[in-house]
Amino acid sequence: MIRSKIAGIGMYVPENVVTNKDLMKVMDTSDEWIQERTGIKERRFATRYKDTTTTMGVEAAKIAIERAGITARDIDFIVFATLSPDYFFPGCGVLLQRMLQMREIGALDIRNQCSGFLYGLSVGDQFIRTGMYKNILLVASETHSYALDFSTRGRNVSVIFGDGAGAVVLQPSQDENRGILSTHLHSDGSEAELLSMMNPGFHAGRFAENKKPPMPEKPYGGLFITEELVQKEDLYPYMDGPAVFRKAVIKMPEVIMEALSQNGLKTSDIKILIPHQANLRISQYVQRKMNLSDEQVFNNIQKFGNTTAASVPIAFCEAWELGKFKEGDLICLAAFGSGFTWASALLKW
Ligand code: ACO
């Protein structure tokens, strides 16, 4: 049986460090509140006219490609996950293909928010398993800072997010006992708007029955930035934080257990769990619920905030650079986010 393995991994975060104290200069918040509720001490913000979602993805990709011992010309398929693309269309996949001067290969864009990297990993894994491709570049990159409400009104959302990118190269594994063991993907759209950015968008009143978020009086019905939207400053992400928290702490352990049981493994077999860095409290809750030790769970949200699709590969790359796992170790990746979508993957390194 052909399995896929991660042949190279890379990350890129912008140089601009933004501390909680920096945020206190523009909104009514405090270092204590942010650290206590989220664990975040600082995050990176992209530099205007220098970093975009694509350029950060390119930097992470260059490192992953070099570490895989190949060149950009060897890549035969691109998967790019983001919720913050450079353009509404075309997607970042082709922009990356152009910047890296790659061959005329397929480029697939994925928009599954916090679960985007794991959805991409699953897609790439299937293409390698079938023998269709030999070198797949999977990139996840986000630029949140260009689209957050930095007034006090948006503080429950804007203090959480950061910018950055991660990338991996997937190849067939020579050893059938090593590589990606399985991936598990789920969704439930019944509360899709609870973590969303709906404007500009086509609103036809077909929302979930829940009362949140506050809906426009009349549907906007278009992908235009209208004067009304600008006046109401209704152009920012919406998040019902407590609802997201409640669902995440149920679904993340569930999807991790699903991966373990499918492979006949148990929590004590996990060398390291790399969860989506949504919020340190979510990771700690999952850790407690699953009886995992501190050494078994890797977190770096403290330094980078929540980088949505990029958070798993950034944490994965940092854990690898710090030598947190070695050949033959069992690694579990898990994510939960907007959609809602959630996913997990088990890998033998
Ligand atoms: N600074 C200071 N006070 C704040 C801030 C802030 N940045 N944000 C909100 N508050 C205030 C609120 O106004 C509210 O004040 P009030 O009681 O006077 O009305 C109070 O703090 C509590 O607000 P809640 O929104 O209920 O705060 P909560 O304790 O739920 O914490 C948080 C908010 C951190 C977002 C939490 O709900 C959470 O962790 N949710 C999980 C969501 C998450 O992690 N999302 C990440 C993105 S999604 C993903 O990646 C899965």
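**View 1. Q113, a buried residue with a positive phi.** In this predicted model, Q113 has a relative accessible area of 13% and is therefore buried, since buried means under 20% relative accessible area. Q113 belongs to the loop between β5 (106-110) and α5 (116-129), so a reader can find this residue by following the chain from that strand towards that helix. The backbone at this position deserves attention, for the phi of Q113 is positive, at about 50°, although Q113 is not a glycine.

**View 2. N291, an exposed residue with a positive phi.** N291 is another residue other than glycine with a positive phi, here near 60°, and its place is in the loop between α9 (280-289) and α10 (301-304). Is N291 buried or exposed? With a relative accessible area of 69%, N291 is exposed, because exposed means over 50%, whereas Q113 in the previous view is buried.

**View 3. The cis peptide bond from F89 to P90.** The peptide bond that leads from F89 to P90 is cis, and its omega is near 0°. P90 lies in the loop between β4 (77-81) and α4, the helix that spans residues 92-99. F89 also appears in the next view but one, as one of the residues that make a nonpolar surface patch.

**View 4. The cis peptide bond between G339 and F340.** Here G339 and F340 are joined by a peptide bond that is cis, with an omega of about -10°. F340 is found in the loop between β12 (330-337) and β13 (341-348).

**View 5. A nonpolar surface patch with F202.** Four residues, F88, F89, F202 and L223, make a nonpolar patch of about 550 Å² on the surface. Among them, F202 sits in the loop between β9 (195-196) and α7 (227-232), and F202 is exposed because its relative accessible area is 61%, a value to be read against the cut-off of over 50%.

**View 6. The packing of helices α3 and α4.** Two packed helices are described by the angle between their axes and the distance between the axes. Helix α3, made of residues 53-67, packs with helix α4, made of residues 92-99, at an angle of about 55°, and their axes are 9 Å apart. How are α3 and α4 oriented to each other? The two helices are oblique, because an angle of about 55° falls outside the ranges that count as roughly parallel, roughly antiparallel or roughly perpendicular. The crossing of α3 and α4 is right-handed.

Note on methods. Residues are numbered from 1 along each chain as its sequence is written. This is a predicted model: local features need pLDDT of at least 70, side-chain atom pairs count only at pLDDT 80 or more; totals for chains, interfaces and linings use all residues. Side-chain values use heavy atoms; hydrogens and water are left out. Patches are made of residues with over 30% relative accessible area and no salt bridge: like charges are joined within 9 Å, nonpolar side chains (Val, Leu, Ile, Met, Phe, Trp, Tyr) within 5 Å. Accessible areas come from the Shrake-Rupley method with a 1.4 Å probe; for residues, only the protein chains shown count as cover. A salt bridge is a side-chain nitrogen of Lys or Arg within 4 Å of a carboxyl oxygen of Asp or Glu. Helices (H or I, at least four residues) and strands (E, at least two) are DSSP runs, numbered from the N terminus. Buried means under 20% relative accessible area, exposed over 50%, partly exposed in between (1.4 Å probe, protein chains only). Axes are lines fitted to C-alpha atoms, for helices over the stretch in contact, and angles run from 0 to 180 degrees between N-to-C directions. Angles under 35 degrees count as roughly parallel, over 145 as roughly antiparallel, 65 to 115 as roughly perpendicular and the rest as oblique. A crossing is left-handed if the near helix is turned anticlockwise from the far one by less than a right angle, and right-handed if clockwise.
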